[in-house]
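Colleague: Got a minute? I'd like to go through this model with you.

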Amino acid sequence: MTALDAIDRNILRLLRLDARMSNARLATEVGLSPSACLRRIKLMEKAGVIRGYTALVDAGNAESAIAVIINITLERQTEDHLDRFEAAVRKHPEIRECFLMTGGSDYLLRVEVANAGEFERIHKEILSALPGVSRIHSSFSIRNVLATRPKRRN
């Protein structure tokens, strides 16, 4: 797939807001025919730009997980240390995301837990055992602003 143009970016923006929007409405919003819009979506899916669709669950109506954002600083930043750390992270499905960073820490991780006790277990059994870690700084999220839609007002 070639680079995304303004229409593709607009399609992605609208799908992030409402992935269940009908193709006809989406096409109207971006100024395309329904067939041209669907073709662009299928191309983005095939190219891996769109990897899937998900449901946003109201935390008040379901068991909600607490996202914990973790900054990791390594003892050394050599290629070997980075490779060993990343290989170890891939072995733990509890770690949902892992980003190599610039700035004050080397990696930013995201885990989801039901409560502080579950995070304590992950901290002791997984995070503290990752190779080459010199510092762990964790922050608990209150809510994901972009993952929730504002409640509709009448």
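Colleague: In what order do the elements run from the N terminus?
Modeller: They go α-α-α-β-α-β-β-α-β. Keep in mind that this is a predicted model.

Colleague: And how many helices and strands does the protein have?
Modeller: There are 5 helices and 4 strands.

Colleague: What share of the residues is buried?
Modeller: Of the 154 residues in the protein, 27% are buried. The exposed surface comes to about 11,000 Å², with carbon and sulfur atoms supplying 52% of it.

Colleague: OK, the sheet. What's the strand order?
Modeller: The order is 2-3-1-4, in an open sheet with antiparallel pairing.

Colleague: Which strands stand at the edges?
Modeller: Strand 2 (95-100) and strand 4 (133-140) do. Each has a single partner strand, so one side of each is left without a neighbour in the sheet. On average, neighbouring strands are turned by 20° against each other, direction ignored.

Colleague: Over how many bridges do strand 1 and strand 3 pair?
Modeller: Over 7 bridges, in the antiparallel sense. Ile70 has Leu109 in strand 3 as its bridge partner.

Colleague: What about strand 2 and strand 3?
Modeller: That pairing is antiparallel too, over 5 bridges. Leu109 turns up here as well, as the bridge partner of Cys98. The hairpin formed by strand 2 and strand 3 has 6 residues between the strands, and Gly103 there takes a positive phi near 100°.

Colleague: Which helix packs on the sheet, touching strand 1, strand 3 and strand 4?
Modeller: Helix 5. Its direction makes about 140° with that of strand 3.

Colleague: Now the core. Which residues touch the most other members in the largest one?
Modeller: Ile70, Ile72, Phe85, Leu109 and Leu127, out of 19 residues in that nonpolar core. At least two residues each come from strand 1 (66-74), helix 4 (79-90), strand 3 (107-113) and helix 5 (116-125).

Colleague: What is Leu127 in contact with, leaving aside neighbours within four places in sequence?
Modeller: Ile70, Ile95, Leu109, Phe119, Ile122, Val133 and Ile136. Another core, of 12 residues, lies apart from the largest one, and its members include Ile11, Leu26, Ala27 and Ile41.

Colleague: Leu26 and Ala27, hm. Which residues of helix 2 are buried?
Modeller: In helix 2 (residues 23-30), they are Leu26, Ala27 and Val30. Down the helix axis they fall within an arc of 100°, so these buried residues line one face of helix 2. As a rule, an α-helix has 3.6 residues a turn, so residues three or four places apart point the same way.

Colleague: What do those buried residues pack against?
Modeller: Helix 1 (6-17) and helix 3 (34-47). Right after helix 2 comes Gly31, with a positive phi near 80°.

Colleague: Switching topic: His81. Where does it lie?
Modeller: His81 lies in helix 4.

Colleague: Does His81 count as buried or exposed?
Modeller: Buried, because its relative accessibility is 12% and the cut-off for buried is under 20%.

Colleague: What is His81 in contact with, leaving aside its neighbours within four places in sequence?
Modeller: Leu74 and Arg76.

Colleague: And how far apart are His81 and Val133?
Modeller: They're 52 residues apart in sequence, and 9.4 Å apart in space, C-alpha to C-alpha. For the protein overall, among contacts with a separation of 6 or more, 60% come from residues 24 or more positions apart.

Technical notes:
Residues numbered from 1 in each chain as written. Predicted model: local features only at pLDDT ≥ 70, side-chain atom pairs only at ≥ 80, totals over all residues. Heavy atoms only, no water. Buried < 20%, exposed > 50% of the residue type's maximum accessible area, 1.4 Å probe, protein only. Contact = heavy atoms within 4.5 Å. Areas by Shrake-Rupley, 256 points an atom, 1.4 Å probe, with all protein chains shown as cover. Core = buried A, V, L, I, M, F, W, Y, C linked by side-chain atoms within 4.5 Å. Arc of directions from axis to C-beta. Pairing = 2+ DSSP bridges. Axes fitted to C-alpha atoms, helices over the stretch in contact; angles between N-to-C directions.
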